[in-house]
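Reader: I should like a close look at one part of this model, set out as a connected account. Please begin with the packing of a helix pair and then place the neighbouring topic of strand pairing beside it.

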Amino acid sequence: MDYIELCGITAYGYHGVLAEETRLGQRFTADVRLETSLAAIGAGDDIRDGVDYSAVFTLVEGLLSGTPVRTLERLVTLINEAVLREFPAVVAVTTKVYKPAAPVAGVLRYAAVSRRAVRHG
């Protein structure tokens, strides 16, 4: 299997459990790893034979800034489901979402959740 990685997709969103998070919002960042075959596009150099990662970027950015959810776990699940639904050439996807301003009582670089989803059928 081959991989395409999109690292550091960043958008402003209103996800969170606390009222302040959903009212004020914050930046969220995602890394997405697509598992696919690059054989056809590598041989023929035709984007139609691969995954248009510009379209994946747009999809992920839209979910980061879109309808708020309470947990990062739900957000990575929504991203993975959308990628598998919209891009049939993707066999599996791993998404990691970072929340740099997680509400904790102390110093924290970021909180993050990572999840892998595999196409079934």
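Is the crossing of H3 and H4 left-handed or right-handed, and which residues in H3 and H4 meet there?

Author: The model is a predicted one. In it, helix H3 (residues 53–65) and helix H4 (residues 72–86) cross in the right-handed sense. Their axes come within 10 Å, and the crossing angle is roughly 150°. Because an angle over 145 degrees counts as roughly antiparallel, H3 is roughly antiparallel to H4.

The contact itself can be described residue by residue. From H3, the participants are Val56, Leu59, Val60, Leu63 and Leu64. On the side of H4, they meet Leu75, Leu78, Ile79, Ala82, Val83 and Glu86. By class, the residues of this contact comprise 10 nonpolar and one charged, with no polar member. The charged one is Glu86, since Glu counts as charged.

The strands follow. Strand E2 (residues 26–36) pairs with two others: with strand E1 (residues 2–13) in the antiparallel sense over 10 bridges, and with strand E3 (residues 92–99), likewise in the antiparallel sense, over seven bridges. Individual positions illustrate both pairings. Tyr3 has Glu35 of E2 as its bridge partner, while Thr29 stands opposite Tyr98 in E3. As for burial, eight of the 11 residues of E2 are buried, so the strand is largely enclosed by the rest of the structure.

Technical notes. Residues numbered from 1 in each chain as written. Predicted model: local features only at pLDDT ≥ 70, side-chain atom pairs only at ≥ 80, totals over all residues. Heavy atoms only, no water. Buried < 20%, exposed > 50% of the residue type's maximum accessible area, 1.4 Å probe, protein only. Helix = DSSP H or I, 4+ residues; strand = E, 2+ residues; numbered from the N terminus. Pairing = 2+ DSSP bridges. Axes fitted to C-alpha atoms, helices over the stretch in contact; angles between N-to-C directions. Parallel < 35°, antiparallel > 145°, perpendicular 65-115°, else oblique. Left-handed = near helix turned anticlockwise from the far one by under 90°. Contact = heavy atoms within 4.5 Å.
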